[in-house]
Amino acid sequence: ARWTSARAATRSPLPTWIWAETSGSQASVAARSGSTATRARGNSVYAAFRSLGRRGLAELIDRCCACARHLADTLRSEPRIQVLNDIFLNQVLLRFRSAAGQNITPQVTGAIQRSGVLWAGGTSIRGEPALRVSVSGWKTTTADVEQCVAVIRAAQGSCYNAHATPL
């Protein structure tokens, strides 16, 4: 079937993106959306939003943002850990330095990932490696953040000591 208008497309039990605009046949989802995985993830996100409701979603966002601020505020006291951003949402950008001022962020990132406690990915800020921590778990609490802080400190400490200049 070839749909000629959005109104006609809304009569279909299938989503509008599943129909080809010009060929008159069904198009593949990937051809229309770029990725089937993107569409599939949308279903689980929609279901989570529906189950949480407006208030639950607001509480989830507020809690994740508060946990990100707590993580950043706690790590700011560390002399060799730089918090690179103001925390407005749920992301914290960090950079780690050795005693000589060398950027050891990739090594710290690897140690954090090997711990298995949290996942944080590497990124680049102003041409230098940095670590991006996104707080997005629906069950994440302040206690979880404290555990992550301990892992980050331990990873930074082990990499800092490995790059220490011998006397």
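Which residues does asparagine 103 touch, not counting residues up to four places away in sequence? Keep that one in mind while we look around. One thing up front: what you see is a predicted model.

Okay, so where are we? Asparagine 103 sits in a loop, with strand E2, residues 91-96, on one side and helix H4, residues 105-115, on the other. Now for the question I started with: the residues it touches are Arg95, Phe96, Arg97, Glu128 and Pro129.

Is asparagine 103 buried or exposed? Its relative accessible area is 15%, and the cut-off for buried is under 20%, so asparagine 103 counts as buried.

Let's look at what its side chain is doing. There's a polar contact of 2.6 Å between the side chains of asparagine 103 and threonine 105. The asparagine 103 side chain also reaches the backbone oxygen of proline 129, at 3.1 Å.

Now let's move over to E2. This strand has partners. Strand E1, residues 81-83, runs antiparallel to E2, and three bridges join them. If you want a spot to click on, find glutamine 82, which stands opposite arginine 95 in E2.

Then there's strand E4, residues 128-134. E2 and E4 are antiparallel too, joined by four bridges. Here the pair to find is leucine 94 and leucine 131 in E4, standing opposite each other.

And why do we say E2 is largely enclosed by the rest of the structure? Because five of its six residues are buried.

So, back to asparagine 103 one last time: Arg95 and Pro129 are among the residues it touches, and proline 129 is also where its side chain reaches a backbone oxygen. That's my tour, thanks!

Definitions and conventions:
Residues numbered from 1 in each chain as written. Predicted model: local features only at pLDDT ≥ 70, side-chain atom pairs only at ≥ 80, totals over all residues. Heavy atoms only, no water. Helix = DSSP H or I, 4+ residues; strand = E, 2+ residues; numbered from the N terminus. Buried < 20%, exposed > 50% of the residue type's maximum accessible area, 1.4 Å probe, protein only. Polar contact = N/O pair within 3.5 Å; in protein donor to acceptor, adjacent residues only side chain to side chain. Contact = heavy atoms within 4.5 Å. Pairing = 2+ DSSP bridges.
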